[in-house]
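Please open the model in your viewer and keep the sequence panel beside it. The stops below are given as selections, each followed by what is to be found there.

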Amino acid sequence: MNISAGELSLVILIIVGLIGRSPIIATAASILLVLKLSSLERFFPMLERRGLELGLMFLTISVLVPFASGKITGKDILLLLTTLSGAVALAGGALATYMNGKGLEMLRVEPHMIVGLVVGSIVGIVFLRGIPVGPLMAAAITALLMKIIYLLAKIF
């Protein structure tokens, strides 16, 4: 039985996802492995092209559910705009969203970076007792660190 480099990579990502307690990575790699082993690779280009958009759409839906269900009211929004913690939360949310956009751009340009992000997340979980929040935020922080490194390299 010949195992391709792609199949091996997916198996490694499944193991890394399980060890790192990242069920999303393990599940995603498992689904891709099943597609590959089932000779359904013809769906890969569509998944690559539209998968991220679909995932972000579902993420956005989940964030907007409290508005739709009435859990977030006009009073909550007014508090957001009239308290220091609300204003800081607003700024933090806006900054995180901007950074995630930069992380997404980086992943589109350098998709191979996902390996480092996953392994780095595992290191953070195991040694820093962190909580895995996903590769997009890790990519955002990586993009910021890369920008800082490039700026410092220009100075020195």
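Select P135 first, in this predicted model: its relative accessibility is 28%, and because buried means under 20% and exposed over 50%, P135 counts as partly exposed. P135 belongs to helix 7, and if you leave out residues up to four places away in sequence, P135 touches I25, L107, I114 and L117. Add G120 to the selection and draw a distance between the two C-alpha atoms, which are separated by 9.8 Å although P135 and G120 are 15 residues apart along the chain.

From P135, move to one of its contacts, L107. With residues up to four places away in sequence again set aside, L107 touches M113, I114, L117, P135 and A139. L107 is also a member of the largest nonpolar core, so extend the selection to the other members, M106, L117, A138, A139 and A143, which complete a set of six residues. Helix 5 and helix 7 each supply at least two residues of this core, and the largest contribution, three residues, is that of helix 7. In soluble globular proteins, nonpolar side chains tend to be buried together.

Next, show the pockets, beginning with the largest, whose volume is about 2100 Å³. Its lining consists of 49 residues, and those nearest its centre are A28, L32, L52, I114 and P135, so that the residue at which the tour began appears here again. Two or more lining residues come from each of helix 1 (5-19), helix 2 (23-37), helix 3 (44-69), helix 5 (84-109), helix 6 (113-128) and helix 7 (135-155). Colouring the lining by helix will bring out helix 3, which provides the largest share with 13 residues, while colouring by residue class will divide the lining into 31 nonpolar, eleven polar and seven charged residues.

Then turn to the second largest pocket, which holds about 350 Å³ of space. To find its centre, select K102, A143, L144, M146 and K147, which lie nearest to it among the 15 lining residues. Of these, A143 will already be highlighted if you kept the largest nonpolar core selected. Helix 5 and helix 7 each supply at least two residues of this lining, with helix 7 giving the most, eight residues. By class, the lining of the second largest pocket divides into ten nonpolar and five charged residues, with no polar ones.

For the last single residue, select K36 in helix 2. Is K36 buried or exposed? Its relative accessible area is 18%, and because the cut-off for buried is under 20%, K36 counts as buried. Beyond its neighbours within four places in sequence, K36 is in contact with S4, G6, E7, L10, E41 and F44.

Finally, zoom out and display the whole chain as a cartoon, in which seven helices and zero strands can be traced. The radius of gyration is 19 Å, well over the 15 Å that the globule rule gives for 156 residues, so the protein is more spread out than a compact globule. Along the principal axes, the C-alpha trace spans about 65 × 50 × 30 Å. If you colour by accessibility, buried residues will make up 19% of the 156 residues. A contact map offers a complementary view: of the contacts with a separation of 6 or more, 53% are between residues 24 or more positions apart.

Key: Residues numbered from 1 in each chain as written. Predicted model: local features only at pLDDT ≥ 70, side-chain atom pairs only at ≥ 80, totals over all residues. Heavy atoms only, no water. 1 Å grid on protein atoms, 1.4 Å probe; cavity = no way out; pocket = protein on both sides within 12 Å on 5 of 7 lines; lining within 4 Å. Points joined across faces, edges and corners; volume = space filled by probe spheres on them. Helix = DSSP H or I, 4+ residues; strand = E, 2+ residues; numbered from the N terminus. Nonpolar A, V, L, I, M, F, W, Y, C, P; charged D, E, K, R; others polar. Core = buried A, V, L, I, M, F, W, Y, C linked by side-chain atoms within 4.5 Å. Buried < 20%, exposed > 50% of the residue type's maximum accessible area, 1.4 Å probe, protein only. Contact = heavy atoms within 4.5 Å. Rg over C-alpha atoms; globule rule 2.2 N^0.38 Å.
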